[in-house]
Amino acid sequence: MLATASTLSLSYAAPAAPAGASLRHARPAAAPPLMETKADLEALAKDLNPAVGFWDPLALSDYSFWGTSQEATIGFLREAEIKHGRIAMAGFVGYIVHSNDIRWTFDKVAASVPTGLPAPAVWDAIPDIAKWQIILFVGVMESWRENKVVLEAEGQKHYMSGGKPGYFPSFDLLPHPVPFPLFDPFGISKRATEEKKAKGRLAEINNGRLAMIGLFGFLSEATVPGSVPFLKGVVPAYTGEVMAPFTQNIFTAPTAL
């Protein structure tokens, strides 16, 4: 879904630091806010897929979530799609990796999980403490992405206030030994031309959409064998509850009479 990709850059250029100052801690100039409109979404839709065009069956882009504005809502939708697309791309690859019993030899948790399991069953088989570690890590990353102080330190704004959808801040405000930024560790995006960046942003959204469809295809075929004819006999069946992250949950816990 959404916005003029040619105006969105997921990287930024820091200004020259004062004499004696560290470039690592120099405060970038504030990026101009970009409040995208429904017209921007329609233009982006044509760039992404001219055959489909703009498709918003629930008319979400016409709403004003939480009493904000239509533009702020569009910023939320843009961020949500990019974020879910990235997660789905990782999940799609992860599903294939776990279905084929590919494991890191040094990972003791992975070594304790039986082989020959469907990918969702691999999650069920890992200890609850490992599941909580993953969930809490995701929560920390979410909190960092949403933090106004962190964004302002890098000259950015929140995506509902005209900031860049998909932008993830560095961890330079925290002492850490890793010299690489999470989003672009090797500076590939930073060195790319604006034309290449714009093309990459379109590819990311399209790939994310395909990954979301693909991942749900895997899950559908696993839980309802035959529901995805193309994957019949390829994806092993799974008898658990794909929407329940823990073994003991509302689907399995005994009901008190």
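1. A residue counts as buried when its relative accessible area is under 20%, as exposed when that value is over 50%, and as partly exposed in between. This cut-off is used throughout the note on this predicted model. S61 has a relative accessibility of 2%, so S61 is buried.

2. The protein chain has eight helices and zero strands. Read from the N terminus, its elements therefore follow the order α-α-α-α-α-α-α-α. Of its 257 residues, 33% count as buried. For contacts between residues at least 6 apart in sequence, 61% join residues at least 24 apart.

3. Which residues does UniProt list under "binding site"? The unreviewed entry gives S61 and R86. Such an annotation may be inferred rather than shown by experiment, and the label here comes from the record. The next two points describe where these residues sit in the model.

4. S61 is in the loop between α1 (38-48) and α2 (70-99). Leaving out residues up to four places away in sequence, S61 touches K38, L41, F54, D56, Q70, I74 and L77. With D56 there is also a polar contact, side chain to side chain, at 2.7 Å.

5. R86, the other residue that the UniProt entry lists, lies in helix α2. Is R86 buried, exposed or partly exposed? Its relative accessible area is 25%, which lies between the two cut-offs, so R86 is partly exposed.

6. Helices α1 and α2 pack against each other at an angle of about 35°, and their axes are 10 Å apart. On the α1 side the contact is made by K38, L41 and L44, and on the α2 side by Q70, I74 and R78. By type, these residues divide into three nonpolar, one polar and two charged. Several names recur here: K38, L41, Q70 and I74 are also among the residues that S61 touches.

7. The structure holds 10 aromatic pairs. One of them is Y63 with F65: the ring centres are 6.4 Å apart and the planes stand at 50°, so the pair is tilted. Y63 has 46% relative accessibility and is therefore partly exposed, whereas F65, at 18%, is buried.

8. A second pair is formed by W66 and F76, with 4.9 Å from centre to centre and 80° between the planes. This pair is edge-to-face, because the angle between the planes is over 60 degrees. W66 lies in the loop between α1 and α2 and F76 in helix α2, 10 residues apart, and the pair links these distant parts of the chain. W66 is exposed, at 62% relative accessibility. F76 is partly exposed, with a relative accessible area of 26%.

9. How are the rings of Y63, F65, W66 and F76 connected? Ring pairs link them into a cluster. Its members vary in accessibility: F65 is buried, Y63 and F76 are partly exposed, and W66 is exposed.

10. A lysine elsewhere in the chain deserves a separate entry. K131 is found in helix α5, residues 128-146. Is K131 buried or exposed? Its relative accessibility is 0%, so K131 counts as buried. Neighbours within four places in sequence aside, K131 is in contact with W123, D124, I126, P245, F246 and T247.

Note on methods:
Residues are numbered from 1 along each chain as its sequence is written. This is a predicted model: local features need pLDDT of at least 70, side-chain atom pairs count only at pLDDT 80 or more; totals for chains, interfaces and linings use all residues. Side-chain values use heavy atoms; hydrogens and water are left out. Helices (H or I, at least four residues) and strands (E, at least two) are DSSP runs, numbered from the N terminus. Buried means under 20% relative accessible area, exposed over 50%, partly exposed in between (1.4 Å probe, protein chains only). Contact means heavy atoms within 4.5 Å. A polar contact is a pair of N or O atoms within 3.5 Å; within protein, one must be able to donate a hydrogen and the other to accept it, and residues adjacent in sequence count only if both atoms are side-chain atoms. Axes are lines fitted to C-alpha atoms, for helices over the stretch in contact, and angles run from 0 to 180 degrees between N-to-C directions. Ala, Val, Leu, Ile, Met, Phe, Trp, Tyr, Cys and Pro count as nonpolar, Asp, Glu, Lys and Arg as charged, and the others, Gly among them, as polar. Rings of Phe, Tyr and Trp (its six-membered ring) pair if their centres lie within 6.5 Å; planes under 30 degrees apart count as stacked, over 60 as edge-to-face and the rest as tilted.
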